[in-house]
Structures are given as structure tokens and as C-alpha cells.
Amino acid sequence: MRPRASEGQKSLARFEFDSGVLVFTEAGSQHRAALHVVRGEEGLHGLDAGGPEVIDASPQAFAARLRSENHTLKRALTDPRLCSGIGNAYSEEILHRARLSPVALTQRLTAEETARLRQEVRETLREWVERLHAAAAREFPEKVTAFREGMAVHGRCGLPCPRCGARVQRIRYASNETNYCAQCQTGGLRADRAISRLLREDWPRTLDELDALKKR
Ligand SMILES: [Zn+2]
């Protein structure tokens with residue numbers, strides 16, 4: 001492997017392998033991309049934000065972690081202090097499969113909803129890890145993107161929900177967005193007053209503002 005700086009403006013690094021070339025790029029304007037070189041497991045621990053691997057968490061540990069702070073589900077699943085390794089795209093897929101609103105508050109979830117969420121976190125992550133491993137084994141990854149063929153709601157605003165056929169909706173806030181099916185996840189747009197208000201009023205600019213809006 002021979003890393004070297006690339007000339008392209010958006011290319012940050014280039015890695016050449018026998019089987020292909022991997023170019024590390026950043027398309028976003030906020031310049032949040034980073035590459036860290038660490039030595040051994042101890043070095044890795046230095047980057048750990050502290051959130052548990054949800055895939056390994058017991059039902060009790062998962063519920064306790066989720067209720068430790070009162071946040072929207074979208075925020076809780078993508079906050080690396082609370083849940084490790086989920087991120088934006090998979091949080092949307094998990095919430096769609098669990099039929100839970102992205103703006104539902106963690107401390108208001110029932111025990112049944114919490115158990116369903118944990119189940120779908122585990123199944124969604126396992127399924128996608130398997131799919132991505134299989135795809136990488138077949139060929140060198142040509143495109144590195146959060147959107148994957150086969151996703152239900154992520155990157156599919158305006159397209160039909162694979163479960164109910166309603167059009168996938170999108171909430172935008174700051175440079176982020178949340179895709180979800182109103183029919184499956186919030187009982188229709190009007191049924192969820194928080195989402196209706198978000199749609200009528202200004203979009204929150206940050207995840208914290210999204211939380212604050214929901215708590216009002
Ligand atoms: Zn649906």
C-alpha cells in the first residue's frame with residue numbers, strides 16, 4: 001500500500017493496491033472528513049466515543065442506554081456516545097423496519113417499542129454487514145456511498161415505501177436529512193403533530209434543535 005497525496009481538489013488521499021486504487025474524497029463543504037492512523041487496539045480505544053456496540057448489547061443495557069438521555073430516536077441512534085457504529089443511513093433503515101418515528105422521544109418509548117427497536121438494530125446491521133461483505137468479496141468496491149441498492153427509505157425521498165407504497169418523506173435540517181415513511185412510522189403525516197409542526201415551521205438547523213422542537 002502506497003498512500004500519497006492526490007492532486008484533485010476533493011481527493012484527500014489515494015491508496016494503491018494490486019487489485020485497484022482507493023481514493024479518499026470529500027464532497028461535503030464542511031470538511032469533516034478525517035483519516036486517523038493508530039497503533040494497536042489501544043490506539044483504537046483513543047477514538048472510541050464511548051457508545052456501546054448495540055449489536056452486542058443485552059436488552060437491559062440497550063434500554064438503559066436509550067433512556068439515559070431524552071432525545072429523538074434519530075438523534076439517539078446517530079449519537080456515537082449513545083450507540084456506536086450506526087450513522088445516518090442505517091438509522092433510517094432501522095427506524096423504518098421498526099415502524100418508529102424518527103422524532104419519537106427515547107424516554108417515551110414503551111418496553112415493546114424498545115425491544116422492537118433493539119431487534120431491528122441487530123437485524124438491520126447484521127443483514128447489511130453480510131450484504132456488503134458479499135459484495136466486496138465479488139469485486140473491488142467502485143463506489144463508496146452511504147446509499148445502497150435495496151435500502152427502503154434512505155436516499156429514496158418521493159419514491160414508494162417498499163412496505164406500504166406511500167411516498168417516502170424527508171425532513172431536512174442543517175446539512176442533514178431524515179427519510180421516513182409517514183404511513184408506516186408516524187401513522188400518517190397529520191397523526192404526528194411534531195412532524196406536522198416541523199413541516200409547517202422552520203426546519204431545525206441541528207439535531208439538538210430537532211430535539212428541542214419535539215420537547216416544546
Ligand atoms: Zn410505508
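Which residues of helix H2 (residues 59–67) are buried? In this predicted model, Phe62, Ala63 and Leu66 are the buried residues named in that helix, and they lie on the same side of H2 because they cover an arc of only 95° around the axis. A general feature of helices helps in reading this pattern: an α-helix has 3.6 residues a turn, so residues three or four places apart point the same way. The cover over the buried residues of H2 includes helix H3 (73–78) and H5.

Phe62 also appears in the largest nonpolar core, which has 23 residues, and is listed there among those with the most contacts inside it, together with Leu73, Leu77, Ile86, Ile94, Leu117 and Val121. At least two residues of this core come from each of H2, H3, helix H4 (87–98) and H5, and the largest share, 5 residues, is supplied by H4. Leaving aside residues up to four places away in sequence, Ile86 touches Val54, Leu77, Ser91, Ile94, Val121 and Leu125.

A separate topic is the zinc ion, which is coordinated by the SG atoms of Cys161, Cys164, Cys181 and Cys184 at 2.2 to 2.4 Å. The angles among these 4 donor atoms are 98 to 114°, and the site is tetrahedral. Along the sequence, the donor residues follow the spacing C-x2-C-x16-C-x2-C. Cys164 lies in the loop between helix H5 (111–138) and strand E3 (169–173), while Cys184 lies in helix H6 (residues 182–185), so this pair ties together parts that are 20 residues apart in sequence.

The table sets out the exposure of these two donors.

| Residue | Relative accessible area | State |
|---|---|---|
| Cys164 | 35% | partly exposed |
| Cys184 | 15% | buried |

Methods. Residues are numbered from 1 along each chain as its sequence is written. This is a predicted model: local features need pLDDT of at least 70, side-chain atom pairs count only at pLDDT 80 or more; totals for chains, interfaces and linings use all residues. Side-chain values use heavy atoms; hydrogens and water are left out. Donors are N, O and S atoms within 2.8 Å of the metal (3.2 Å for Na, K and Ca); water is not among the atoms, so sites may look incomplete. Four donors count as tetrahedral if all angles lie between 85 and 135 degrees; four count as square planar and six as octahedral if opposite donors are over 155 degrees apart and all others between 65 and 115; anything else is irregular. Helices (H or I, at least four residues) and strands (E, at least two) are DSSP runs, numbered from the N terminus. Buried means under 20% relative accessible area, exposed over 50%, partly exposed in between (1.4 Å probe, protein chains only). The arc is that of the directions from the helix axis to the C-beta atoms. Contact means heavy atoms within 4.5 Å. A nonpolar core is a set of buried Ala, Val, Leu, Ile, Met, Phe, Trp, Tyr and Cys residues joined through side-chain atoms within 4.5 Å.
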